[in-house]
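Here is a set of questions on a predicted model. Work through the strands, then turn to the ligand.

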Amino acid sequence: MVYETIIVKIEEGIATLTLNRPEVLNALNDQVFNELAEAASKLAADPSVRVVIITGGEKVFAAGADIAQMANASAVDVTISDNPSHRAFQLIETMPKPVIAAIAGYALGGGCELTLVADIRIAAENALIGLPEIKLGILPGAGGTQRLPRLIGQGRAKELIFSGDFIKADEALRIGLVNKVVPTEQLAEEAQKMAKRFVARGAVALRLAKSAVNEGLRMDLEAGLQYEHQCFNLLFATEDQKEGMRAFLEKRPAKFQGR
Ligand code: CAA
């Protein structure tokens, strides 16, 4: 598939997926969601890709779902739509490898919600993040009312959802919405730096660690602990576990094979 609204670049195990509709501040229409879904399923299945970075570049992440596309939709249109945003976000969230959102400029509405399906968010100093849907007479409909409270707690999430206000990078860091804030011109470099740290780890351990966190959060603590234990046990069947522990005992860096 030739992508028109995103750019996918793969280098040294790191796939960078860049949103590319600058004329509308990377507003997310069905074509973007479909291309994101297609790219996500390909990257998930490609063993040479170890980490995925999603970004919009240094100016804007994404100013939300495409309002022009939604403005005249009826309740029936919205109901019978095959919900491409949900499909794309699901594929990104369940990607069996780390996903980092590198956020500069606006990450609003569906743009903010896209960052919430990443595992880790890095914000540039110029980032402005918010869920302004309430100002359009709707609510965040791509996971914002569900994933944001799970990430930052319901009180803070409700304040953002009810007000539609944008917050700056330092406030996003303070409330745990992003992991890190970096100078804007260093955003791509910092995302790469973090991605490289993950590339050096064992791919199977990363995959199961992500699954243990994501699946465990859907369970009660006892079930989550059981699931964690199963993931842990399974890793003792991998060559990477043998190599990792042998390397520690031999006082040398481990060379993981991802199996
Ligand atoms: N959808 C469609 N087009 C958009 C857009 C969006 N979400 N955001 C910006 N654009 C377009 C503008 O219409 C404009 O196009 P034209 O040049 O053809 O007029 C272009 O991008 C540049 O935008 P502005 O001129 O508005 O730029 P600005 O710097 O003055 O303002 C902004 C920037 C504050 C982000 C403003 O564009 C804005 O408020 N955008 C909408 C933000 C928003 O409400 N997002 C939520 C969308 S709903 C949603 O996401 C639902 C969901 O949960 C899935």
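Q: In what order do the three strands of the open sheet stand?
A: This predicted model has an open sheet built from three strands. Their pairing is mixed. The order is 5-7-8.

Q: Why is one side of strand 5 and of strand 8 left without a neighbour in the sheet?
A: Strand 5 and strand 8 (166-168) stand at the edges. One side of each is free because each has a single partner strand.

Q: By what angle are neighbouring strands of this sheet turned against each other on average?
A: The value ignores direction. It is an average over neighbouring strands of the sheet. The turn is 20°.

Q: Which residue of strand 8 is the bridge partner of Leu128?
A: Strand 7 covers residues 128-130. Three bridges join strand 7 to strand 8, and the two run antiparallel. In strand 8, the partner of Leu128 is Lys168.

Q: Which residue takes a positive phi in the hairpin of strand 1 and strand 2?
A: Strand 1 (residues 6-11) and strand 2 run antiparallel, joined by six bridges. One of the bridge pairs is Ile10 with Ala15. Two residues lie between the strands of this hairpin. The phi near 50° belongs to Glu12.

Q: Which residue of strand 3 is the bridge partner of Ala15?
A: Strand 2 also pairs with strand 3 (residues 51-55). Here five bridges form, and the strands run parallel. Ala15 of strand 2 pairs with Ile10 in strand 1. In strand 3, the partner of Ala15 is Val52.

Q: How many of the six residues of strand 2 are buried?
A: Strand 2 spans residues 14-19. Buried means under 20% relative accessible area. The strand is largely enclosed by the rest of the structure, because the buried residues number five.

Q: Which residue places a polar side-chain atom 2.8 Å from an oxygen atom of the ligand?
A: Backbone atoms also approach the ligand: a polar one of Ala63 is 2.9 Å from a ligand nitrogen. A backbone N or O atom of Gly110 lies 2.8 Å from a ligand oxygen. The side-chain contact comes from Glu113.

Q: What share of the ligand's exposed area does the protein bury?
A: Taken alone, the ligand exposes 980 Å². The protein buries 60%.

Q: How many nonpolar residues does the shell around the ligand have?
A: In total, 21 residues surround the ligand, and Ala65, Ile67 and Glu133 are among the closest. Helix 2 (67-70), strand 5 (106-108) and helix 5 (110-116) each give two or more residues to the shell. Four shell residues are polar and four are charged. The nonpolar count is 13.

Note on methods. Residues are numbered from 1 along each chain as its sequence is written. This is a predicted model: local features need pLDDT of at least 70, side-chain atom pairs count only at pLDDT 80 or more; totals for chains, interfaces and linings use all residues. Side-chain values use heavy atoms; hydrogens and water are left out. A residue is near a molecule or strand if one of its heavy atoms lies within 4 Å of it. A polar contact is a pair of N or O atoms within 3.5 Å; within protein, one must be able to donate a hydrogen and the other to accept it, and residues adjacent in sequence count only if both atoms are side-chain atoms. Accessible areas come from the Shrake-Rupley method with a 1.4 Å probe; for residues, only the protein chains shown count as cover. Helices (H or I, at least four residues) and strands (E, at least two) are DSSP runs, numbered from the N terminus. Ala, Val, Leu, Ile, Met, Phe, Trp, Tyr, Cys and Pro count as nonpolar, Asp, Glu, Lys and Arg as charged, and the others, Gly among them, as polar. Two strands pair if DSSP finds at least two bridges between them. Axes are lines fitted to C-alpha atoms, for helices over the stretch in contact, and angles run from 0 to 180 degrees between N-to-C directions. Buried means under 20% relative accessible area, exposed over 50%, partly exposed in between (1.4 Å probe, protein chains only).
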